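Hi everyone, and thanks for making time today. I'd like to walk you through a structure that may be new to you, so please have a look at it first.

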Amino acid sequence: MIDISDVRKIYKMGDQEVRALDGIDVHIGKGELAAIMGPSGSGKSTLLAILGCLDTPTSGSYKLDGLAVEKMTDNQLADVRNKKIGFVFQQFMLLARTSALENVMLPLTYAGISGKERRRRAEEALERVGLKDRMGHRPNELSGGQQQRVAIARALANSPAILLADEPTGALDSKTGADIMALFRRLHDEFEQTVIIVTHDPGIASQTNRTLRIADGIIVGDDWHVNGLSPDSVGEIASH
Ligand SMILES: Nc1ncnc2c1ncn2[C@@H]1O[C@H](COP(=O)(O)OP(=O)(O)OP(=O)(O)O)[C@@H](O)[C@H]1O
Ligand SMILES: [Mg+2]
């Protein structure tokens with residue numbers, strides 16, 4: 001589904017070059033649940049933004065479902081973003097004066113979906129994240145974890161092929177973060193949703209099936225593991 005080959009992102013700052021991504025090759029299949037880890041400044045958010053078509057690489061190729069993203073026009077990119085990608089951020093990014101339901105309906109408006117259908121889909125997405133009884137609440141009437149659930153519902157509302165999350169538990173306490181991670185896992189298990197999560201938390205990463213490690217803009221590790229087990233213990237189980 002995702003095929004990235006020799007992707008680079010170079011920022012020019014005056015006469016200085018920042019090589020945020022310095023030759024990334026990765027294949028991520030449909031239905032994967034993967035984590036991206038790495039030190040601050042290593043290029044994780046840059047990579048996620050490119051995966052989500054929020055940004056384009058300086059060079060290299062990105063094929064999404066066989067389509068060459070680097071060749072798309074801005075309009076085509078916006079269309080892919082609307083239809084295939086759901087994004088979740090550390091700071092929820094909800095509209096403050098707007099109910100949970102309206103927050104979730106908004107991207108469906110951009111996608112050109114009619115009023116009635118919009119409401120149906122938004123209610124369904126909120127139900128999926130366990131917020132059926134909080135639809136009329138505004139963000140400041142919800143806990144941090146509930147706000148992040150609204151953001152996840154918003155990302156899910158147009159049934160994206162890929163759900164991308166940049167440190168979705170970073171602003172939450174560890175118990176709430178664990179609940180959010182459990183939600184991502186449930187979405188992955190029940191709906192075969194492809195989920196890619198950037199995280200600093202090894203506990204979060206260990207609950208995915210694969211951890212990509214990046215440092216200085218390159219991939220330095222790619223470990224497959226069973227939910228909740230480290231790559232080492234999977235190796236041990238396999239060898240018995
Ligand atoms: N718009 C930009 N202009 C210039 N340099 C940038 C820009 N965005 C990111 N960078 C640089 O690219 C590098 C990678 O940044 P990125 O945000 O991808 O790191 P990160 O791994 O997500 O870090 P963190 O864990 O702190 O969020 C950093 O050195 C950063 O300073
Ligand atoms: Mg980042």
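I'll start with the whole chain, then move to the strands, and finish with some individual residues.

A word on the ground rules: this is a predicted model, where local features need pLDDT of at least 70, side-chain atom pairs count only at pLDDT 80 or more, and totals for chains, interfaces and linings use all residues. Residues are numbered from 1 along each chain as its sequence is written, chains are lettered from A and ligands numbered from 1 in the order in which they are written, and side-chain values use heavy atoms, with hydrogens and water left out.

So, the overall picture. The chain has 8 helices and 10 strands; helices (H or I, at least four residues) and strands (E, at least two) are DSSP runs, numbered from the N terminus. Along the principal axes, the C-alpha atoms fill a box of roughly 50 × 45 × 35 Å. For 240 residues, a compact globule would have a radius of gyration near 18 Å, and the chain agrees, with 18 Å. That radius is taken over C-alpha atoms, and the globule rule is 2.2 Å times the number of residues to the power 0.38.

How much of the chain is buried? The share is 48% of the 240 residues, where buried means under 20% relative accessible area, exposed over 50%, and partly exposed in between (1.4 Å probe, protein chains only). About 11,700 Å² is exposed by the chain, and carbon and sulfur atoms supply 49% of that. These areas come from the Shrake-Rupley method with a 1.4 Å probe; for residues, only the protein chains shown count as cover. As for contacts (heavy atoms within 4.5 Å), of those with a separation of 6 or more, 67% are between residues 24 or more positions apart.

Now to the strands. Four of them, in the order S2-S1-S4-S5, form an open sheet with antiparallel pairing. At its edges stand S2 and strand S5 (67-68), each with a single partner strand, so one side of each has no neighbour in the sheet. Two strands pair if DSSP finds at least two bridges between them, and S4 and S5 pair over 2 bridges. Leu64 has Leu67 in S5 as its bridge partner.

Next, please find strand S3, residues 33-37. Here 5 of the 5 residues are buried. In a regular strand, side chains alternate between the two faces of the sheet. In S3, Leu33, Ala35 and Met37 point one way, while Ala34 and Ile36 point the other way. Which strands pair with S3 in the parallel sense? One is S8, over 4 bridges, with Leu33 opposite Val195. Another is strand S9 (residues 210-215), also over 4 bridges, and there Met37 stands opposite Arg213.

Let's turn to single residues, beginning with Lys9 in strand S1 (residues 2-13). Lys9 counts as buried because its relative accessibility is 10%. Its contacts beyond four places in sequence include Val18, Leu21, Ile50, Asp55 and Pro57.

One of those contacts, Val18, sits in strand S2 (residues 16-28) and is partly exposed, at 36% relative accessible area. Together with Tyr11 and Met13, Val18 forms a nonpolar surface patch with about 270 Å² of accessible area. Patches are made of residues with over 30% relative accessible area and no salt bridge, like charges being joined within 9 Å and nonpolar side chains (Val, Leu, Ile, Met, Phe, Trp, Tyr) within 5 Å. A salt bridge is a side-chain nitrogen of Lys or Arg within 4 Å of a carboxyl oxygen of Asp or Glu.

Two non-glycine residues with positive phi are also worth a look. Cys53, with phi near 60°, is in the loop between helix H1 (44-51) and strand S4 (59-64). Glu192, at about 50°, lies in the loop between helix H6 (174-191) and strand S8 (194-198). Are they buried or exposed? Cys53 is buried, at 1% relative accessible area, whereas Glu192 is exposed, at 58%.

Finally, two polar residues in helices. Asn103, in helix H3 (residues 100-110), is buried at 2% relative accessibility, and touches Leu94, Pro139 and Val150, among others. Gln148, in helix H5 (residues 144-156), is buried at 0%, with Val88, Phe89 and Leu172 among the residues it touches.
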